[in-house]
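Please look at the model shown below, first as a whole and then part by part. The report that follows moves from one helix to the domains, the ligand shell and a few loops.

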Amino acid sequence: MDFKLTEEQRILQESARRLAEEKFAAKAFTWEERGEYPWENAKILAEHGFTGITIAEEDGGQGATLFDAVLVLEQISQVCPHTGDIVQATNFGAIRQLSIYGSKDLKARILPPLLRGERLITLGMSEPNAGSAATDLRTKARVEGEEVVINGSKIFNSNGSHAHCFAVWVRFGDDVRTSGAVLVERDSPGFSQGKVERHMSGEPHCMLYFDECRVPKENVLLWEDGFTRLMPVFNIERTGNATRSLALGQAAFDRAVKHAKERIQFDRPLCEFQGLQWKFADMRIKLDAARLLLYRAVVNASDGKPSAVEISIAKAFCNQAGFEVANEALQILGGYGYSREFPLEYMVRRTRGWMIAGGSIEMMKNRIAEGIFERRFSQRPPKPKK
Ligand SMILES: Cc1cc2nc3c(=O)[nH]c(=O)nc-3n(C[C@H](O)[C@H](O)[C@H](O)COP(=O)(O)OP(=O)(O)OC[C@H]3O[C@@H](n4cnc5c(N)ncnc54)[C@H](O)[C@@H]3O)c2cc1C
């Protein structure tokens, strides 16, 4: 076992950091107020080969490993979280459902502008009555000639208002085994977007509506067994979610360290107070443990897909650690931490969301328990005995 990065991995990490410092740092933490998607940064990422890192070269990606993508995401998110979201969208999110399950023709049509950072794909999974119980989704799809017709709605679609297309999880029949996924483009007849709302982080989200929405049959990503086949890919999305939690926790920690060296109270720098030193030690323990768990899940990923239990452990721990460290760092900055003039309060708000998004911490723990006891625990009420 070797805990050191290879020479190539260090160079990749350093080049991602340098690019972020040079190109993204100046406008970092301004994107929430502007309410814009950082398209200019998306194009810069594409030019530097930081989109489609794990996507096969024949599909226009870089053909590199999931670990490479994590190293890039971690560095960029620490400097500019909103640009980190683009790394997520172009490497870990719905784009992977398209690159893994889309037909050759569909990929040739949809992937190139996504990889050039000119377009965005988001995930339409959650529904008003199907959150943690995602298998309860009700959005229906049926085939009519050469088209698929979709009816239903999706909720909490992050950045949906900026997106050009959506990977929409549907049911083709009544049974959960008929669940699949379809790519819907914004201009498809019968598609509409609801009012733009905001997560606590300021990130826009919206409802997606499908009213006899028609797309070509070739847009189908998966016809059946959706949950069995989409979940391993969704674990890639969770990897990106965990990485960004860790990155923001680390960024908050670094700011708190700097502040504790410079800020003088009672004629001494804050770092000389033991009560604060122990907070720093606890934060460092959490960040190191989170990183080790994340890297384990990613390095062990077979075929680029992390194991369900290892990623559940990593996601739950990174989400918790990222939020707790950001929150403690805010405390150490005192009034400056709480002020909206500085980024600490944003980091607390942002890390909070990842404890819910992409499978909540509680759902991750349910999955870990299944791994421990080597059996499935249905979350549904027991059926009455006959
Ligand atoms: C920041 C953010 C971004 C998001 N982006 C997207 C997106 O782009 N696309 C998309 O489709 N969805 C998105 N979501 C939705 C997200 O996937 C859901 O919020 C999440 O799956 C939880 O569902 P819910 O909100 O309906 O909560 P519920 O499922 O109603 O759960 C409520 C609470 O009960 C707990 N709970 C539920 N069931 C159990 C159980 N069996 N055991 C223990 N605890 C349980 C949950 O952990 C939670 O704390 C996003 C959410 C957030 C916060």
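What span should the 14 residues of helix H4 (residues 66-79) have at 1.5 Å a residue, and how far apart are its end C-alpha atoms? At 1.5 Å a residue, H4 should span 20 Å, and its end C-alpha atoms are 21 Å apart, which agrees. The expected span is 1.5 Å times one less than the number of residues in the helix. Helices (H or I, at least four residues) and strands (E, at least two) are DSSP runs, numbered from the N terminus.

This is a predicted model, in which local features need pLDDT of at least 70 and side-chain atom pairs count only at pLDDT 80 or more, while totals for chains, interfaces and linings use all residues. Residues are numbered from 1 along each chain as its sequence is written.

## Helices H4 and H9

H4 is mostly covered, since 14 of its 14 residues are buried. A residue is buried if 20 or more other C-beta atoms lie within 10 Å of its own, exposed if 12 or fewer, and partly exposed in between, with C-beta atoms placed from the backbone.

Helix H9 (residues 274-299) has 26 residues and reaches 37 Å from its first C-alpha to its last, close to the 38 Å expected at 1.5 Å a residue. Among the buried residues of H9 are Met283, Leu287, Arg291 and Leu294. The cover over the buried residues of H9 includes H4, helix H8 (226-262) and helix H10 (308-332).

## Domains

The domain assignment of the chain gives domain 1 (7-115), domain 2 (121-224) and domain 3 (228-373), and such bounds come from an automatic or database domain assignment. The C-alpha centres of domain 1 and domain 3 lie 21 Å apart. Across this pair, 19 residues of domain 1 are in contact with 20 residues of domain 3, where contact is counted if the C-beta atoms of two residues, placed from the backbone, lie within 7 Å. On the side of domain 1 that touches domain 3, two or more residues are given by each of H4, helix H5 (81-91) and helix H6 (94-101). The largest share of that side, 7 residues, comes from H4. The residues of that side of domain 1 divide into 8 nonpolar, 8 polar and 3 charged. In this grouping Ala, Val, Leu, Ile, Met, Phe, Trp, Tyr, Cys and Pro count as nonpolar, Asp, Glu, Lys and Arg as charged, and the others, Gly among them, as polar.

## The shell around the ligand

Of the 20 residues around the ligand, Gly131, Ser132, Gly353, Ser360 and Glu362 come nearest; a residue is near a molecule if its C-beta atom, placed from the backbone, lies within 6 Å of it. The residues of this shell divide into 6 nonpolar, 12 polar and 2 charged. At least three residues of the shell are drawn from each of domain 2 and domain 3. Strand S1 (121-124), strand S3 (147-158) and helix H13 (361-373) each supply at least two residues, and the largest share, 4 residues, comes from S3.

S3 also runs antiparallel to strand S2 (residues 140-144), to which 5 bridges join it; two strands pair if DSSP finds at least two bridges between them. Alanine 141 stands opposite isoleucine 150 in S3. S2 and S3 form a hairpin with 2 residues between them, and glycine 145 in the turn has a positive phi of about 60°.

## Residues in loops

Most residues other than glycine have a negative phi. Phenylalanine 29, however, has a positive phi near 65°, and phenylalanine 266 has a positive phi of about 50° although it is not a glycine. The table lists the places and neighbour counts of some loop residues.

| Residue | Loop between | Other C-beta atoms within 10 Å |
|---|---|---|
| Phenylalanine 29 | H1 (7-24) and H2 (31-34) | 14 C-beta atoms, partly exposed |
| Threonine 65 | H3 (39-47) and H4 | 16 C-beta atoms, partly exposed |
| Valine 196 | S6 (191-193) and S7 (197-198) | 13 C-beta atoms, partly exposed |
| Phenylalanine 266 | S10 (264-265) and S11 (268-269) | 8 C-beta atoms, exposed |

Threonine 65 and isoleucine 55 are 10 residues apart along the chain, and their C-alpha atoms are separated by 8.9 Å. For valine 196 and phenylalanine 156, which are 40 residues apart along the chain, the C-alpha separation is 9.9 Å. Leaving aside residues up to four places away in sequence, valine 196 touches Ser161, Pro204 and Cys206.
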